[in-house]
Structure formats: structure tokens, C-alpha cells
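Student: I have a structure open in front of me, and I would like to learn how to read the way its helices pack. Could we go through it feature by feature?

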Amino acid sequence: MAKPAQGAKYRGSIHDFPGFDPSQDAEALYTAMKGFGSDKEAILELITSRSNRQRQEICQSYKSLYGKDLIADLKYELTGKFERLIVGLMRPLPYCDAKEIKDAISGIGTDEKCLIEILASRTNEQIHQLVAAYKDAYERDLEADVIGDTSGHFQKMLVVLLQGTREEDDVVSEDLVQQDVQDLYEAGELKWGTDEAQFIYILGNRSKQHLRLVFDEYLKTTGKPIEASIRGELSGDFEKLMLAVVKCIRSTPEYFAERLFKAMKGLGTRDNTLIRIMVSRSELDMLDIREIFRTKYEKSLYSMIKNDTSGDYKKALLKLCGGDDDAAGQFFPEAAQVAYQMWELSAVARVELRGTVRPVNNFNPDTDAKALRKAMKGLGTDEDTIIDIITHRSNAQRQQIRQTFKSHFGRDLMADLKSEISGDLARLILGLMMPPAHYDAKQLKKAMEGAGTDEKALIEILATRTNAEIRAICEAYKEDYHKSLEDALSSDTSGHFKRILISLATGNREEAGEDRDQAQEDAQVAAEILEIADTPSGDKTSLETRFMTILCTRSYPHLRRVFQEFVKMTNYDVEHTIKKEMSGDVRDVFVAIVQSVKNKPLFFADKLYKSMKGAGTDEKTLTRIMVSRSEIDLLNIRREFIEKYDKSLHQAIEGETSGDFLKALLAICGGED
């Protein structure tokens, strides 16, 4: 069993088996594999109940008793994923890592993700043991093999990591921290081109404690996290490696929680990744990984494995997991610290919002109006020209084209487009042609007309728009439908949900910074209404009104501080707690506000992903977000999308839509990440 650092608590899920007898275990395994078929249940039960050190003793006893190699017999008796998992458990961890790397660089192609995961996450001691194990097992030099199979800056960073010489001193020089921040800034953001050598030297050699302070100072100095600079300045496998290094510096368990989630989400399971992590972390930090997994993904690692795997393979993985953390929302210390840091990052980051659609240079509304008229004249319609012009002009330029079209031809461009195109393409193109406030007003009107109300659309728009945008929407709604938005909401919704929407629709959110004393008071109100405060005060109706006022009228910077204080005060996450304690539309609108405050581009990335996953595509949501965010933050949304879902928004759209609708969406998307 891996020994924790002196004074540190053991955080693995596998422990030494009490009353261990290697000869007895060797006999039990021999009996389980003897004769026709094998007793897989007995094999998995025994091997997942022993520590790695004890398994090595069993291997020795097996050879002494039967003159046979236990791993070879297990390979012969077992098959598929279950065999790979059990055999992985039987190897000492350095030899297991060595085998994974050998497989990653053997044959045609290289499994860069495997190389990145292992070399970015291992300690100096683990790297030295890995290099020695590789030499022993394959009689080859690991560094030479990695050099032979990789290239460029990616190769250089891997070689640096293979040295296992990261500084381990916890004493940090403030001057050196400032120097490294300056060097990284000058090597990337301030330089024409990027000085990759500086990134490699600093991220590959400095101690974890030092780098955490560097990352904090970098954020304060530049207004953006180091990850954003890496994504902007580096590319390809080198970028992925450096991001993995940063994640492991911040929190190795969080890095593995994310890797496990991505291995199991969506269609198909990346079993090699799942096996490698469950085997390699079972005696190191599986309990921390479980806690952070539950915090980040609102479900336990145990439940996700249970739903995503089957048979003996599933049983063995669940044994390695070691338990089900079903009390979603409450944090253990490490997970609470991660949540607190997430709010801290959110509070100080100055994110530059960028759309994907910008004004075209040398714009000529006269030329565009004539080209659109020609595209719609006569038999047939030239959809390609319509898409090309409308998706590559800013909204302000489109309004000029509409005016010019009417001046030249005495015709309404919107009416002509409606008669020439149809379906999803028509909804998208006509949406782009409307001024943003009028488009949002129309979406709100559609959400409330006819039988039933589209609460999700109401929430998405009203919970995410700025004060100026809300006021413009109210004016547009009154102008277009001769009724106030507030009256429409009053007629179509009810109860607390109605009150919340009307509050949001006033566009009166405060725009000042945070007030720390007030934030603590507000966090206390949240704790009381969500029923996790030690000493509730005041009647519930009064508390509900105060809670609504806090979420609907406090500024974003202030709310970030409230949510951070909430974690500190209760050891709970406000979003998870709202989901657990509330229900229906009220829960959904409060969650949307919290997510928007935390990271608005990520909120929209999640909505886009959900609109395209599973059977069928929610074209209305997809269209609404692509149109409304195209000139605001769609580039940021794209970055959040690929970071969370491991595929680009461009790829998702390509896989879920078709024809001219696909062409137009990809043009708005603005590129492949």
C-alpha cells in the first residue's frame, strides 16, 4: 500500500487486508482458475480486497507453490476489459505506468492523452520509479522512446517532466513569484509569437507551492487565469499538456475527477482511461477524487460507474471506488476548498467577452441589398448567397441593408426572406435580421403564446441579460406587441416564479462592486431559506422575499462574494443546495442566475450541449443562443464548450444538423477549435 506523506492522512480506497496470508490467497486463485471456466467473482473479490504490496506477495507465493506466473494465468482465464483491469491491479504501480506508456507509443500513432495524463500528474519519486521500471521491463530507455515518438515543444516538455526534477521546497520567494509572473506574461501576452521555452522552464521545474502563488499573482496582474493565456498562446498537444500540468498543480484529484467524468459521459466509455485512473489512484487519492467528483458533477463517481459499465468489470471498478457518496451538495474539506477557489477565480478574473460575428470591412449596403434581391429573384433561391451575406455582417450592418433594400426596391427584405426560405434556416436568418432587443422580445412572446408556456426560454433570457439589454427588450416588447412585458408575464405565470421573472424584467440589478459585510448577511439569509443554517431567524415568507431580492437585484461581483461566503459559512455549494431544497420553475430560475453569475459563457455552453445531445435536436434553443450571443460572447462560449465536453461546438453542430441550416450555424460559430 502506498504510504502517505508524514503527517498526511491516507486517502486511498484500498487498504491492506487484515490477517493477510499470501499462500492461502494463491491457493484460492489457483482453485478459482482450475478446471473448465473460472470463478471470476472469487478472483475479483480477492484481488480488489488486497493492497498492491499484498498482491506482489501473492504473485511470489503462486510461483513458489505452482511454478507458474499468476499474471500469465489471469490473462489466459480472463478476457476484455475485466482482464485488463485485473492484470493492471497485479502489477506494481511503476510497472503499470510503464506498460501504459509502452502501449501509448507502440505501433502506428501515439496515444498522446495517455502520455499527458501520466507524465503531468506523477511526483518526482513516481517518475524516477517509472523510468526504472520501463528500463527493467523493456530493456529500453524511456526518454529515448518518447523522443522517437513525439516532436516539437510537446516533446521538449515531456522530456523535462521525465527528469523528475521539479523543485519540492515549500519555502517560496515572493520576488521569484513576481519574476515568473512577468516572464510568463512577456513570453505570451506581450510578445509577437510565443516564447515557449519560458513556459516549459517555469511550469516544468518550479515547485507546486510556488506555481500556485504564480497562478494567483498572474490572475491579479493580467486579469485572466493562466489557463486562458495557455489556450491563447499555445496549440495542439503542447497546449493540452501544459493545461494538464496547470490542473495537476492546482489539484491533482480534481484533474483526475475531470478525466473520469469525461471517460464516462456521452456515448461510449473510454475504458482504457477509466481503468488506468481507477488502478493508479486507488491507493493514493481516490477519496479526494470521489469528493471532488461529487462536488463538480452533482453525482457520485460510484453511481456514474454503476450506470456506465456492466458485469464483473463493473463490480471490480465499484470495489476500487470504495463507496457511494450519495449526499450530493455537501463538501468534505478538500472539495469545499475547490468550490471556494472557483468563486475566488470567478470574482477576480476580468474575462474579455468576444463574439464571433463582427462588422465586415469595406461594407457596402447598396451592393449587399442588390445581391440579396438577385438571390431571391426568379425561379429558385440562392441560399448560399443569403447565408454568406447575412452571417458575415454585424447586426447594425444588417439594419442598414434592410433600409437600403426598401429604398431601392420598395420591398420589405424580411417579408421577401420569409417567402423564399423556410424551416430552421428561416428562423435563423430572420432572427439575425432583427435588432437584438426585438429578437429577444419576440422569443419571450413566443414562449408565452398558445397552450403552455416555455419556461426554459423565459428563464434563459431574463436571467442572463444585462440591465441595458432588459430595458431595451421592455421597450421593444411594448412597441411590437402594444403591451408591457410585465403585464404579459403576470398573465402567463404565477406564484413565486412570476414574482422572480417580474423582478428580473425591471432591469434594476445593482451595478456596484461587492460589499463584504452585506455579503455575509446575504449568505446567512441564503443559508436560512435553504434550511441549512444553525439558527433560523424571521418568518419564512419574509426570508423568501429577501432571498429573491438578493438573487434578482444584487450585482454580479457582490453575488460572487455572497456565494463564496455561503461555502465558508455552511460547507455547502449554493447551486447544489438550491437544486436539492427547491423544485420546479423557481429552482430552475435561481440555478440559472447562480450559473450566470459564476460563468455566463459556460451557462450557454451547457444549454447548447443539451440542445444537441440525445435523440433529436432542440433547434429553437440552438438557434436562439447562436443568434443572441453571436456578437457578445460566442467565442467564449466556444472555449467553455470544448473545455467541458472535449469536443468543439463546431463538431457538435456538424454532427447534429444538416443542409443550409448547418452551413449558416457554422458561419455564425466562426471556426473550429
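Tutor: Let us start with how helix packing is described: an axis is a line fitted to C-alpha atoms, for helices over the stretch in contact, and the angle runs from 0 to 180 degrees between N-to-C directions. Please keep in mind throughout that this is a predicted model.

Student: At what angle do helix H27 and helix H35 pack, and how far apart are their axes?

Tutor: Helix H27, residues 455–462, packs against helix H35, residues 584–612, at an angle of about 45°, and their axes are 9 Å apart. The two helices H27 and H35 are therefore oblique to each other, and H27 passes H35 in a right-handed crossing. On the H27 side the contact is made by Glu 455, Ile 459 and Glu 460, which meet Asp 585, Asp 588, Val 589, Ala 592, Phe 603 and Phe 604 of H35. By class, the residues of this contact between H27 and H35 comprise five nonpolar, no polar and four charged.

Student: How do H35 and helix H37 cross?

Tutor: The axes of H35 and helix H37, residues 634–645, come within 8 Å and cross at roughly 65°, and the crossing is right-handed. Among the H35 residues that take part are Leu 602, Phe 604, Leu 608 and Tyr 609, while the H37 residues they belong with in this contact include Ile 637, Phe 641 and Tyr 645. The contact of H35 with H37 has 10 nonpolar, two polar and three charged residues.

Student: Why do buried residues of a helix sometimes line one face?

Tutor: The general idea is that an α-helix has 3.6 residues a turn, so residues three or four places apart point the same way. In helix H2, residues 40–47, the buried residues are Ile 43, Leu 44, Leu 46 and Ile 47. Seen down the axis of H2, these buried residues fall within an arc of 165°, so they line one face of the helix. Their packing partners are helices H1, H3, H4, H5 and H19.

Student: How many of the residues of helix H10 are buried?

Tutor: In helix H10, residues 152–162, eight of the 11 residues are buried, so H10 is largely enclosed by the rest of the structure. Those buried residues include Phe 154, Gln 155, Met 157 and Leu 158, and the buried residues of H10 pack against helices H7, H8, H9, H12 and H15. Just after H10, Gly 164 takes a positive phi of about 60°.

Student: And how should I read a single residue, for example Ile 249 in helix H15?

Tutor: One can ask about its accessibility and then about its contacts along the chain. Because its relative accessibility is 2%, Ile 249 counts as buried. Leaving aside neighbours within four places in sequence, Ile 249 is in contact with Arg 166, Lys 208, Leu 211, Arg 212 and Phe 215; the C-alpha atoms of Ile 249 and Leu 211, which are 38 residues apart along the chain, are separated by 7.2 Å.

Student: Is Ile 289, in helix H17, buried or exposed?

Tutor: Ile 289 lies in helix H17, residues 286–297, and is buried, with a relative accessible area of 0%. Not counting residues up to four places away in sequence, Ile 289 touches Pro 253, Phe 256, Ala 257, Leu 260 and Arg 281.

Note on methods:
Residues are numbered from 1 along each chain as its sequence is written. This is a predicted model: local features need pLDDT of at least 70, side-chain atom pairs count only at pLDDT 80 or more; totals for chains, interfaces and linings use all residues. Side-chain values use heavy atoms; hydrogens and water are left out. Buried means under 20% relative accessible area, exposed over 50%, partly exposed in between (1.4 Å probe, protein chains only). Helices (H or I, at least four residues) and strands (E, at least two) are DSSP runs, numbered from the N terminus. The arc is that of the directions from the helix axis to the C-beta atoms. Contact means heavy atoms within 4.5 Å. Angles under 35 degrees count as roughly parallel, over 145 as roughly antiparallel, 65 to 115 as roughly perpendicular and the rest as oblique. A crossing is left-handed if the near helix is turned anticlockwise from the far one by less than a right angle, and right-handed if clockwise. Ala, Val, Leu, Ile, Met, Phe, Trp, Tyr, Cys and Pro count as nonpolar, Asp, Glu, Lys and Arg as charged, and the others, Gly among them, as polar.
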